[in-house]
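Welcome, and take a moment to turn the structure around before reading on. We will start at one residue and then walk outwards to a few helices.

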Amino acid sequence: MSIKTTQLNNGLTVVTEYMPHLESAALGIWVKAGSRDETDEEHGIAHLLEHMAFKGTGKRTARQIAEEIENVGGELNASTSTETTAFYARVLKDDVPLAVDILIDILTNSTFEQDELTREKHVILQEIGAANDTPDDIVFDRFSSAAFKNQTVGRPILGTPETVESFTPDQIRNYMKRNYTADRLTFVAVGAVDHDEICKLLEDHGTAFYPASDKGREYPAAIYTGGTFREKRDLMDAHILLGFEGRAYHVRDFYASQVLANILGGGMSSRLFQEVRERHGLCYSIYAFHWGLSDCGIFGIQAATGSEDVKALIPLILKELVRISEHVEEQEIDRARAQIRAGLLMTHESPAARAGQIARQMMLFGRPISNEELMERLVNITPDRLTDLSQRLFFGQKMTTSAVGPIDHLAGIEDLEKQLKTPGSMLNAAE
């Protein structure tokens, strides 16, 4: 890998990857802080901060921020997740210094003026309303809340209308001062970039970052509780999620869980797609996923189907869980490895995707990880290991369900858990 890493005197980590065939660069600042780092009174403030960073600084108005980056044909954006927040830009190589200056400016010099805050609160309230009106959004929010009941890790990132309305400029500054410290920031630049130039540009702004905290990151360990959420709505389709406790990034079963999700529902050749969609025609799309965080994870299956097909859909899904706990083909694992490898290589063809990948690796593992090393972690995944993992994930465990729409025919969570009490408890259904 043509990756260079430097830690500046102020604690900020800088990582670059030069791609000689490109005339553009993707660069940004990734923060090891997200919605999980909020207090109860701050629910939604991480996302609000992401918005407010673009609403004016000591030397640029909100309009000037937008115009300066777009005057050179660049793009500027941000995103908030449970454990991270990102602010990033895409520009031509000659405009990298401008992008660096704007990114540092919005993170160290934002004014959080009350008038702008009032306007942006209104925008976020509309965003919350739009999410609540979108069944395939709300079903995932409620899914996380049920899986991690009454915990920050399971809360919707957007917050609630009540909390968003309550925020003040000082609350935003306090959250930022507590979480946006230099030791939790990683600056990543990929494409037509020069490492030494990036470091020099950042050193010029070095004194503006918050110093590292003696306490470090503080939040309670996540505890998977399992649970259920159901909301009847007058919709064409019932949106359904079934879930189980997954694995964190650092545990042995994480990569095996990723492969298992791929085999079960990772594409058109996956078991669920072939059985539920192709053979029985019960839904347009169905897939499995595995989300890992720093100390927890969740394994899920998503499907949307008509009211009358719910009754037939769920037994088919449970049947596939039984089948994969009994037998996995070596060729299925090979196909999953090939898909993962292709995804890794394709990431290298997009500087923006590659920058995000490097940033995640830095925040999770403290270093960039080569594709070869990532693939090595998949070598020892065998059929027996996946059947054993399936039995431990799906059977005799607490389940999470979330459903929105015409769900009269959906069995209760207790009935579903009973059917998965042991691998042999659904033997007849699997035959």
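Let us begin with R184 in this predicted model. Setting aside neighbours within four places in sequence, R184 touches W30, V31, K32, A33, D37, R178, N179 and R217. One of these partners deserves a second look: the side chains of R184 and N179 make a polar contact at 3.3 Å.

Where along the chain does R184 sit? You will find R184 in the loop that joins α7 (169–179) to β6 (185–191). Is R184 buried or exposed? Its relative accessibility is 9%, and because buried means under 20%, R184 counts as buried. For a sense of distance, look across to D408: 224 residues separate R184 and D408 along the chain, and their C-alpha atoms lie 47 Å apart.

The loop between α7 and β6 also holds A182. With a relative accessibility of 1%, A182 counts as buried too. Beyond its neighbours within four places in sequence, A182 is in contact with N10, G11, L12, F209 and Y210. From A182 to D94 the C-alpha distance is 27 Å, with their positions 88 residues apart in sequence.

Now let us move to a helix. Helix α5 covers residues 135–147, which makes 13 residues, and its first and last C-alpha atoms are 18 Å apart, close to the 18 Å expected at 1.5 Å a residue. Which residues of α5 are buried? They are P135, I138, V139, F140, F143, S144, A146 and A147. An α-helix has 3.6 residues a turn, so residues three or four places apart point the same way. The cover over the buried residues of α5 includes the helix α4 (114–132) and the strands β7 (227–232), β8 (237–245), β9 (286–292), β10 (297–306) and β11 (400–405).

Further along comes helix α15, residues 383–394. Its 12 residues should span 16 Å at 1.5 Å a residue, and its end C-alpha atoms are indeed 16 Å apart. Here the buried residues are P383, R385, L386, T387, L389, S390, L393 and F394. They pack against β8, α9 (254–265), β10, α11 (310–326) and α12 (330–347). Just past the end of α15, G396 adopts a positive phi of about 70°.

Finally, a word on cysteines. C199 is buried at 10% relative accessible area, and C283 is buried at 6%. How many disulfides are there, counting pairs of cysteine sulfur atoms within 2.5 Å? The count comes to 0.

Notes: Residues are numbered from 1 along each chain as its sequence is written. This is a predicted model: local features need pLDDT of at least 70, side-chain atom pairs count only at pLDDT 80 or more; totals for chains, interfaces and linings use all residues. Side-chain values use heavy atoms; hydrogens and water are left out. A disulfide is a pair of cysteine sulfur atoms within 2.5 Å. Buried means under 20% relative accessible area, exposed over 50%, partly exposed in between (1.4 Å probe, protein chains only). Helices (H or I, at least four residues) and strands (E, at least two) are DSSP runs, numbered from the N terminus. The expected span of a helix is 1.5 Å times one less than its number of residues. Contact means heavy atoms within 4.5 Å. A polar contact is a pair of N or O atoms within 3.5 Å; within protein, one must be able to donate a hydrogen and the other to accept it, and residues adjacent in sequence count only if both atoms are side-chain atoms.
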